[in-house]
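Trainee: I am new to this structure and should like to go through it step by step. May we begin once it is displayed?

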Amino acid sequence: TIPKWLRLAKLWFTGEEKCKACSYAAATIALALITTGLLVKISYAQRDFSTALSGKNAEGFYRAIREFVLIICLAAPLFSFTKFVEDRMVLAWRAYLTRLLLQAYFKDKAFFRLGLRSGGSSTDPPTFPPSTFSKSPAPLGATSDASSSNLDNPDQRICDDVAAFVQSSTTITLALCKKLFNCAAFAGVLWSVSGQLVVFLFVYAGVGTLVTTSVFGKVLMRLYYTLLALEGDMRYALVRVRESAESIAFYGGEKAEARMVHSRLVAVLSAAATRIRFTGYYDLWTSVYQYATILVPSLLTAPRYFAGEIEFGTISQTSFAFSSINQALSIIITNLGQITGLAAETDRLDVLLTALESHHQANQDACAVLPTTRHSTVQRHLSPEEQGLSLTNLTVNLPGRPNEALCQDLSLRLDPGHSLLIV
């Protein structure tokens, strides 16, 4: 999935708006660094506050309060501005990727050919080799060997999956950067107090991540992929009823259409119930994983406090640093649902992208082998002396398929009042 995600992500970062994309990325990373520094300052202010309070040091207490308030006054608007920049980045990325896919979708009548070629089960996740890369990527990225037979609901992929893909990619990537910064910043703080806590954290998070990905990862991804496809099928059925309302009403087909929509609703509800059940198991596991570490910082630092080696405020600072590093190392465990959703959205968009590229390549290859003497248009000649219709060497191809002819080199003459059916 990672190569596919990189293939989709680099469309914006290496395309026409690469300067804008890199500017947004640099701004968000810089803001993440600044906010991490403020969090470290908050931990020291919290330590001084607790130490002064336990020692009944009024002057130190109020000094720590003033420092804390000053940090909060700086951090609050900065956190809000960081969120604003992230949302603007999501909007710009979504706009570019959606326009790119729409351009490819309508080019060379791809929307028509993809509709004819779509024939696979919409609930089967695609399995195909990783995409290949080139030094100079095409406007839509590198090519792949995936087939469009698994392409269902391209409208849903362009509208919903692009938005979800961009939102999840931005959220998870920035969260990963922030967690790494937090881990690097607080590791020194925590190591200065207790090296055992640092070692315990890395071992604990490693084991937890391994269990989470191996037990829940693939299952939740497949369930999310299936649910997206089934919801798209149900929406397509309702759209078809709306677009063909006159024909359905005229022929009395509402009962058959209602049965079909209800059957797809049952499939959606069944898939959603299955996903809820497995999500419940996952939530139970994460709750146990998180609550099991609440007392660890206090248990490991309490002996040193009772021996007079550390101050009381150091215990609260240790808990704060422990929590920050634990959240950083447990990002996969706590965000598995969003990560599996992103993986499913990445697969769906990769299949769409590959199908569009295959169509454009096939269209170019077909045009390259067409005879150069064949006319691409119908020439009309009017003669006042002749009556009726006369066709000479007429060739009609399927839209978007220059090498597939409905009829070829057809010549005929029809007198007024006569008709002819060509099959």
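Mentor: One definition is needed beforehand: a residue is called buried when its relative accessible area is under 20%, exposed when that value is over 50%, and partly exposed in between. Please also keep in mind that this is a predicted model.

Trainee: Is Lys4 buried or exposed?

Mentor: The relative accessible area of Lys4 is 10%. The cut-off for burial is under 20%. Lys4 therefore counts as buried.

Trainee: Which residue does the side chain of Lys4 meet in a salt bridge?

Mentor: The partner lies in a distant part of the chain, since Lys4 is in helix 1 (residues 2–13) and the other residue is in helix 12 (residues 336–369), 343 residues apart. The partner is buried as well, with a relative accessible area of 4%. The N to O distance is 2.8 Å, and the residue that Lys4 meets is Asp347.

Trainee: What secondary structure does the chain have around these helices?

Mentor: Along the sequence the pattern is α-α-α-α-α-α-α-α-α-α-α-α-β-β. The helices come before the strands in that pattern. The chain comes to twelve helices and two strands.

Trainee: What share of the residues of the chain counts as buried?

Mentor: The chain has 423 residues. It exposes about 24,000 Å², of which carbon and sulfur atoms supply 63%. The share of residues that count as buried is 39%.

Trainee: Among contacts between residues at least 6 apart in sequence, what share joins residues at least 24 apart?

Mentor: The salt bridge of Lys4 and Asp347 gives one example of a link between distant parts of the chain. For contacts in the chain between residues at least 6 apart, the share that joins residues at least 24 apart is 81%.

Trainee: Which residue meets Arg7 in a salt bridge and ties together parts that are 343 residues apart in sequence?

Mentor: Arg7 lies in helix 1 and its partner in helix 12, so the pair ties together parts 343 residues apart. Arg7 is buried at a relative accessible area of 0%, and the partner is likewise buried at 0%. The side chains meet at 2.6 Å, N to O, and the partner is Asp350.

Trainee: How many salt bridges does a search of the whole structure find?

Mentor: One of them joins Lys178 and Glu86 at 2.9 Å, N to O. This pair links helix 5 (residues 154–193) with helix 3 (residues 58–106), across 92 residues. Lys178 is partly exposed at 26% relative accessibility, whereas Glu86 is buried at 13%. For the whole structure, the search finds nine salt bridges.

Trainee: Which residues does Thr170 touch, not counting residues up to four places away in sequence?

Mentor: Thr170 has its place in helix 5. With a relative accessible area of 4%, Thr170 is buried. The residues it touches are Glu86, Met89, Val90 and Trp93.

Trainee: How many aromatic pairs are there, and is the pair of Trp12 and Trp93 stacked or edge-to-face?

Mentor: The count comes to twelve aromatic pairs. The ring centres of Trp12 and Trp93 are 5.6 Å apart, and their planes stand at 15°. Planes under 30 degrees apart count as stacked. The pair of Trp12 and Trp93 is therefore stacked.

Trainee: Which residues form one aromatic cluster with Trp12 and Trp93?

Mentor: Trp12 lies in helix 1 and Trp93 in helix 3, so their pair ties together parts 81 residues apart in sequence. Trp12 and Trp93 are both buried. The cluster also includes Phe13 and Phe165.

Trainee: Over the face of which residue does Arg348 lie?

Mentor: The distance from the ring centre is 5.9 Å. The ring in question is that of Tyr225.

Trainee: What is the phi of Asp108?

Mentor: Most residues other than glycine have a negative phi. Asp108 is found in the loop between helix 3 and helix 4 (110–117), and it is partly exposed, with a relative accessible area of 30%. Its phi is positive, near 55°.

How values were computed
Residues are numbered from 1 along each chain as its sequence is written. This is a predicted model: local features need pLDDT of at least 70, side-chain atom pairs count only at pLDDT 80 or more; totals for chains, interfaces and linings use all residues. Side-chain values use heavy atoms; hydrogens and water are left out. Helices (H or I, at least four residues) and strands (E, at least two) are DSSP runs, numbered from the N terminus. Buried means under 20% relative accessible area, exposed over 50%, partly exposed in between (1.4 Å probe, protein chains only). Contact means heavy atoms within 4.5 Å. Accessible areas come from the Shrake-Rupley method with a 1.4 Å probe; for residues, only the protein chains shown count as cover. A salt bridge is a side-chain nitrogen of Lys or Arg within 4 Å of a carboxyl oxygen of Asp or Glu. Rings of Phe, Tyr and Trp (its six-membered ring) pair if their centres lie within 6.5 Å; planes under 30 degrees apart count as stacked, over 60 as edge-to-face and the rest as tilted. A charge sits over a ring if NZ of Lys or CZ of Arg is within 6 Å of the ring centre and within 35 degrees of the ring normal.
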